[in-house]
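Visitor: I have a structure here and would like a short tour. Could you take my questions one by one?

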Amino acid sequence: MYLYPDHLAGDAAALPQTCGVYLFHGDSDAHPLYIGKSINIRRRVQSHLRNPREARLLAATRRISHIETVGEIGALLSLIHI
C-alpha cells in the first residue's frame, strides 16, 4: 500500500504555481537527488508525491527547493547552471 509522503507536504504546498525548476534534496545538499522543470512547479511536484512508483525517491528526499523562471526556455537555461 502506498503512503503519501507526509514529510514533504509542507514543502510542496509552499511551491509557487509558476514556471521553473524544482529540486529534490536528500541528506546532502551538494547533489540533488532529482531535478525537474515545469510550467507549474507546485502541480508537477504534487504529481510526483502521488505516484507510488516514485516512493523510494520520495522516501530519500528531505526537502524540495525551486527556482522560478520566466517561461520554459528560462527553466531550460537554469538547468545548465545547476
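The questions below deal with the strands first and the helices after them.

Visitor: Which strands make up the open sheet, and in what order?
Guide: A word first: this is a predicted model. Strand E1 pairs with E2 over five bridges. Six bridges join E1 to E3. The open sheet therefore has three strands, with at least two bridges needed for a pair, in the order E2-E1-E3.

Visitor: Which are the edge strands?
Guide: The order is E2-E1-E3. An edge strand here pairs on one side only. That describes E2 and E3.

Visitor: Do E1 and E2 run parallel or antiparallel, and which residue of E2 stands opposite Phe 24?
Guide: E1 covers residues 20-25, and E2 covers residues 34-38. They pair in the antiparallel sense. Opposite Phe 24 stands Tyr 34.

Visitor: Which residue of E3 stands opposite Tyr 22?
Guide: E3 spans residues 63-68 and runs antiparallel to E1. The residue opposite Tyr 22 is His 66.

Visitor: How many residues of E1 are buried?
Guide: Buried means under 20% relative accessible area. Gly 20, Tyr 22 and Phe 24 point one way and are buried. Val 21, Leu 23 and His 25 point the other way and are buried too. The count is six of six.

Visitor: What is the average twist from one strand to the next?
Guide: The sheet has three strands with antiparallel pairing. From one strand to the next, the twist averages 20°.

Visitor: What angle does the direction of helix H2 make with that of E1?
Guide: H2 covers residues 41-49 and packs on the sheet. This helix touches E1, E2 and E3. Its direction and that of E1 make an angle of about 35°.

Conventions: Residues numbered from 1 in each chain as written. Predicted model: local features only at pLDDT ≥ 70, side-chain atom pairs only at ≥ 80, totals over all residues. Heavy atoms only, no water. Buried < 20%, exposed > 50% of the residue type's maximum accessible area, 1.4 Å probe, protein only. Helix = DSSP H or I, 4+ residues; strand = E, 2+ residues; numbered from the N terminus. Axes fitted to C-alpha atoms, helices over the stretch in contact; angles between N-to-C directions. Contact = heavy atoms within 4.5 Å.
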